[in-house]
Amino acid sequence: GSDWSSDVCSSDLNCAQDSVMYSFLEKLNPMVKFIGHFTKNEHYKYIDMALCKLRNPWAGFFTAGWGDIDLIDKLEKRQQEMIRETRDNIPPPPLEMHMTAPEIMENDNVIIQHGQYKTISTFAEYLPAESEEGYIRIVKPLSWGRKEPEHPPMVLLLPGTGEKGYGRRYDGVALPLARLGVGSIILEGPFYGMRKPKGQNGCKLRHVSDLPLLGAATIEEGRSLLRYFRDLGYGPLVVGGISMGGLHAAMIAALTSFPVGTASLVGPPSAVPVFTSGLMANLIPWKRLDKDAHYYNLADRLKNRYFDVDKSKMDKAHELMGRFLHITNIESFDPPLVSEAAIFATAKKDRYVPFELVENRMKELNQKWRGSELLWLEGSHVSSYLFERKAFAHMAMESATRVQHYLDAHPEYVVHKK
């Protein structure tokens, strides 16, 4: 294979440290659950706090300021266009995919392939040059090598915040899915791993505007990837993710005009509470952003924007962050075609996505997306990420089953394998 087909984990030393730290923490699961009998599961929130401190305590997010202020209006306009396109059944742009030959991974009982494509994002000119090429890993059960099923279920797995390379999603989600007879498409997201811009410290985005830009590009690429695999006859299709990947998965499902399921593990209903009130807010240089906001006269430029910031932390910079990121609210989207195939899992002790700020919003989303399922987990954000990935694979599998039921009842949506 060529150099982009290997699982590049970016040259950061952080990557090796992360994987050692995560595998050590995973081994603690039985003990962590046992302690829960005595602490009423309150100890879970300290796992979030400890990991936030451990993960590169010296560098924060948005150290280069707000970034491209005018981009937010363009992103919002494009979001409205995609909502209209979905209502009018206009397909997303096609991808030109270059695929490596299938490779058998004997030990894992899977077949893998790697794909590379040029981003079709309408914001390609704003993306860092390193993010203009997109990369995927396709994972299929070994049994598909002899004969693929007539309706091969596939799950598009999106990255969480700072998730670089395929490794953790491959081991933790794609392999359990393959054992259940489900294939996966693992997306390397813009700004991360092989697509990380020079000068960015690990996963810490340099500008506030990078966050909604990353989201928009992920959503546009995700929609086109679903189209690409559907055109090849794959399906039922599901889009899933953990943390930020879960929010993007819900958005992609809402912006797809054919049947697709959603699996979201600890995905927030918006990036706003995460970056203004959750633990991530401690990694943001608020004084610098506040100073820049005055310089750019940001308050006037964002004054018509709705915001939902924790009032106890309300200063100008937090309020403006809320207005700036309000386009990440899932409530702005229509429910997907098969809303009953959406499964959300929310953690009660989450400190990255503060549970008290999102509980009611998740309940409202569950009502709006008729027939969707909302699961409450006892753990925290990090403990869910570490210990619930196999459960997440089962959520995706269940979602695929529901999409298949819908397809059985609506055969006009079935695309036959080429």
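A residue is called buried when its relative accessible area is under 20%, exposed when it is over 50%, and partly exposed in between, using a 1.4 Å probe and protein chains only. By that rule, buried residues make up 60% of the 418 residues in the protein chain. The model is predicted, so local features need pLDDT of at least 70 and side-chain atom pairs count only at pLDDT 80 or more, while totals for chains, interfaces and linings use all residues. Residues are numbered from 1 along each chain as its sequence is written, and side-chain values use heavy atoms, with hydrogens and water left out.

**Figure 1. The whole chain has 14 helices and 10 strands.** Helices (H or I, at least four residues) and strands (E, at least two) are DSSP runs, numbered from the N terminus. Contact means heavy atoms within 4.5 Å. Among contacts between residues at least 6 apart in sequence, 78% join residues at least 24 apart.

**Figure 2. Helix 7 is largely enclosed by the rest of the structure.** Look for residues 244-254: 11 of the 11 are buried. They include Met244, Leu247, His248 and Ile252. What do these buried residues pack against? Their partners are helix 4 (71-87), helix 6 (210-231) and four strands' worth of residues: strand 5 (154-158), strand 7 (237-242), strand 8 (261-265) and strand 9 (342-347).

**Figure 3. The largest nonpolar core has 77 residues.** A nonpolar core is a set of buried Ala, Val, Leu, Ile, Met, Phe, Trp, Tyr and Cys residues joined through side-chain atoms within 4.5 Å. Phe62, Trp66, Phe275, Met321 and Leu325 have the most contacts inside this core. Helix 5 (residues 167-179) gives the most to it, with six residues. Leaving out residues up to four places away in sequence, Met321 touches Phe62, Trp66, Val208, Thr276, Ile284, Trp286 and Leu289. Another core, of 39 residues, lies apart from this one, and among its members are Met82, Phe229, Phe344 and Trp369. In soluble globular proteins, nonpolar side chains tend to be buried together.

**Figure 4. Helix 5 bends by about 30° at Val173.** The bend is the angle between axes fitted to the seven residues ending at a residue and the seven starting there. A proline, Pro176, follows Val173 within four residues. Is helix 5 mostly covered or uncovered? Mostly covered: 10 of its 13 residues are buried, including Tyr170, Leu175 and Leu177. Just past the helix comes Gly181, whose phi is positive, near 85°.

**Figure 5. Arg169 and Glu163 form a salt bridge.** A salt bridge is a side-chain nitrogen of Lys or Arg within 4 Å of a carboxyl oxygen of Asp or Glu, and the structure holds 22 of them. In this pair the closest N and O atoms are 3.8 Å apart. Both Arg169 and Glu163 are buried.

**Figure 6. Asp231 and Arg227 meet in a salt bridge within helix 6.** Their N to O distance is 3.4 Å. Because Asp231 and Arg227 are four residues apart in helix 6, about one helical turn separates them. Asp231 is partly exposed, at 32% relative accessible area, and Arg227 is partly exposed too, at 22%.

**Figure 7. Lys363 and Glu359 form a salt bridge in helix 12 (residues 355-368).** The closest N and O atoms of this pair are 3.2 Å apart. Lys363 is partly exposed at 37% relative accessibility, and Glu359 is partly exposed at 25%. Elsewhere, salt bridges that share partners join Arg78, Glu81, Glu85, Glu220 and Arg223 into one network.
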